Structure formats: C-alpha cells, structure tokens
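Trainee: I would like to go through this structure with you, one point at a time. Where should we start?

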Amino acid sequence: MIRDFHIAKREEDIGYYAGYVGSAFMFGRALTSVLWGMIADRYGRKPVIIFGTVSVVIFNTLFGLSTSFWMAISMRFLLGSLCGILGPMRAYASEVCRKEYQALGMSIISTSWGIGLVIGPALGGFLAQPAEKFPNIFSSDCLFGRFPYLLPCLLISIFSVGVLVVCCFLPETIHNHKGNDEECNDSDALVATTFESTSSQKSLLKNWPLISSIIAYCVFQLHDMAYAEIFSLWAVSPRKNGGLSFSTAEVGEVLAFSGFGLLLFQLFIYPVAERNFGPVMVSRLGAVLTIPLLSSYPFIAFLKGLMLMLLINCASILKNVLSVSITTGLFLLQNRSVTQQQRGAANGISMSAMSLFKAIGPAAGGSLFSWAQKRQSAFFLPGDQMVFFLLNMIEVIGLFLTFKPFLALPDDSIS
C-alpha cells in the first residue's frame, strides 16, 4: 500500500512509512483509552462496545478507500481514538463469568486479539490487489481495481456489521439502582464516580505486583508489534536484501497457518501448561525459546522451495504461540494482582501503557528495518541479522523483568 502511494523515494524506505501507518491506530488508542474506560464505568459497557464496533465499520472502510499516505494515517488514528472496546471488553469478560472462570474469560480476550492479529494480515495478503490476482473476476476498471486495498477492509467491515448486530443482544453488566428515599442527580453521581476512580487509581499505582507485571507486559507488547511489522516487510523484501521475495498472497498463507496453529494451542495445550507450571513460568519459557527462534530467521532466508515454506510456516506458528503464551501469562498475573472491584481501573492503566508501547512498536520496527536494509555490506550483523538481533535484545529485557526482585507475585488471597 505504501509502495502504491509513491511517498517512499526508495524501496528501502517503505518500511519507515509503513511503520507510521501501523502506529497511528495505537497512538490514537493510547490517548483515549482512559476516557472510554470512564464512559464505560458511567454509562455501561454495552454502549461503548456498540459505538466502537460502528467506528470499525466506518473508518476501516475509509482506510481501504485511502488514496494518499496522510489519509491512511488519519483513518487509522481516528479508528484507534474512537474504538475503545478492548478495556470495556476485559471488564465485561470478568463480570459475566463466575469467579472460578474469570481467569479463563480474561485469557479468551487476549487469545482473540492474538488470533485476530494473525488472521487480519492473512486476509490482507490474500485479498489485497484483487484485480492483479484475480483478473477473471475483478477488472482493473472496477471499484476494487481503482481501490486495490478496499476488498479486505470491506470484508472486515461486513463482518463487523454482523458483530454489531450480535452486540445489540448483549446483556448490560453495569446496573445503576436508585433508592426510593434518596435522590441523586447526574452531576453528583459523576463527581462521586470520578472521586472513587481517582482514589482507586492512586492505590493501584502503589500495587507493585500490578505495576511490575504491566511494565513487563508492555515490553513484550513492544516486541510483538515490532515483530509483526518487520515480519511482513522482511517476507516481501527481495532476496538480494536478505528477504524471502514472497508475494502478499504467500505472506497471507503463512499468517493463516499461524492463526490456525495458535487456535489449537490455546484451546488444548496452554490451559494444561498454565495449570502445571503457572503463568509466570510459562511466560519465562516462552521468552527463552523465542531468542534462538528469531536468531534462525536470517538463515531461513537462504532456503528455497518446499523446505523454505515448511520451515517458515513452522517458525511463524511457534513464534506466535510463544508470544501469546507470554502475553496471556502476564495478563492473568495482572488480574490476579487486584481485587475484582479494582479490575476495571487496573485494565484502564494497563491499556494506556500498553497502547503507548504498541504505538512505538510498528514505527520503530519499520524504521529499524529500513535502516538495516541500507547496511547489507556491514561487517557486524549485516542487513536483517541486525534486525532480529535487536528484537532479541528487547526479548531479553522482557525476560529479565519476569524475575525477582523486579516482578512481584500477587498474594494468594488476592488471586
């Protein structure tokens, strides 16, 4: 898409501009997630969820209709700013589940995000530029020929319309009851809610098990977003620059297989591993295994044919499985660090910090990739070897943060 905007003067600069488009969504969400959390606490989870889904339908479609780099950035930023559903959905998941199933409900939310992060780019890879891939179905003069990236966006928007219909039937979990003998006006209620929210946040900021797990969580999210940006850029880059020379359809196939493998792992393997080893140990093992895996990526690029497809699919599946294992483990730790009454505010703090790091991830990953493409003949870690080395350094920092004395485990009475 960035290539077709003709904003990059050289092919090596495409990753730089692509990173900013990827970051725009997360930057918008970082600015408004606390506000959407307060609205959800005041007026209910359901209105925020419905409004956020409507914003997906509108701005995701407009993104597919983008004709310039700045229009694409604007649509992603507006979508991130107006779609504040993730925090309220986390709170909703804990409120509709019985106490013994709250951890499972929370893990389903993070698992859904991980699967969507894989399936979304896969759809883009399969359906982008349909007039070139399916000339017998789409002509170059039709709507999808003039807007080559509209089809995947439109398909997701149509799916979102179906989600919107389902959301209308969701039961509300926030109920405001007024007694017969006392009257309370809206301004007094809002002041009381704001005071309680401020007091809760002050106490949560002193909760080191929560804050330490959020910091570790943010570092791993920075790594995951940078990797997601870099992987697609690396896969489509030419072999002379250390890439795989994949088409967007081939990238889509790899990501689709990764999504299927991730779904099977989360349904059948992760619950057993978490029950036997605990969320912290699972996160540590995921971080440790990620380091040698990423170190192998530059050498996988030397392969061709069936062996290349086999290994890159296995590596992609394993990488996404390890990433979601780390994320889910730390996410469970966050929610076990606070009481049920504090989980809404805790999720608001986590969302703000996480969105900021996720905003940095794509821009940093795209810029890093563009810089590495220009140093193919360097003596120390030439080209993409430097990219995956620096990704591993972020992983090492995250791994360090999962050990004491930095990471404090919650008391059993709280969890």
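Mentor: Start with confidence, since this is a predicted model.

Trainee: What average pLDDT does the protein have?
Mentor: Of the residues, 88% score at least 70. Residues 177-184 fall below 50, and that stretch has two contacts in the model beyond near neighbours in sequence. Residues 186-195 also stay under 50, with five contacts beyond four places in sequence. For the protein, the average pLDDT is 84.

Trainee: Which helix holds I50, and is the residue buried or partly exposed?
Mentor: The helix spans residues 45-64 and is α3. Buried requires a relative accessible area under 20%. I50 has 22%, so the residue in α3 is partly exposed.

Trainee: Which residues does I50 touch, not counting those up to four places away in sequence?
Mentor: Contact here means heavy atoms within 4.5 Å. On that basis, the residues touched by I50 are L164, C167 and C168.

Trainee: What separates the C-alpha atoms of I50 and G84?
Mentor: Along the chain, I50 and G84 are 34 residues apart. In space, their C-alpha atoms are separated by 10.0 Å.

Trainee: How many residues of helix α5 are buried?
Mentor: Helix α5 covers residues 86-96 and is mostly covered. Its buried residues are L86, G87, P88, R90, A91, Y92, A93 and S94. Out of eleven residues, the number buried is eight.

Trainee: How many disulfides does the structure hold, and are C142 and C314 buried or partly exposed?
Mentor: C142 has a relative accessible area of 21%, and C314 has 43%. Partly exposed runs from 20% to 50%, so both cysteines are partly exposed. A disulfide needs two cysteine sulfur atoms within 2.5 Å; the number of disulfides in the structure is zero.

How values were computed
Residues numbered from 1 in each chain as written. Predicted model: local features only at pLDDT ≥ 70, side-chain atom pairs only at ≥ 80, totals over all residues. Heavy atoms only, no water. Buried < 20%, exposed > 50% of the residue type's maximum accessible area, 1.4 Å probe, protein only. Helix = DSSP H or I, 4+ residues; strand = E, 2+ residues; numbered from the N terminus. pLDDT = per-residue confidence, 0-100.
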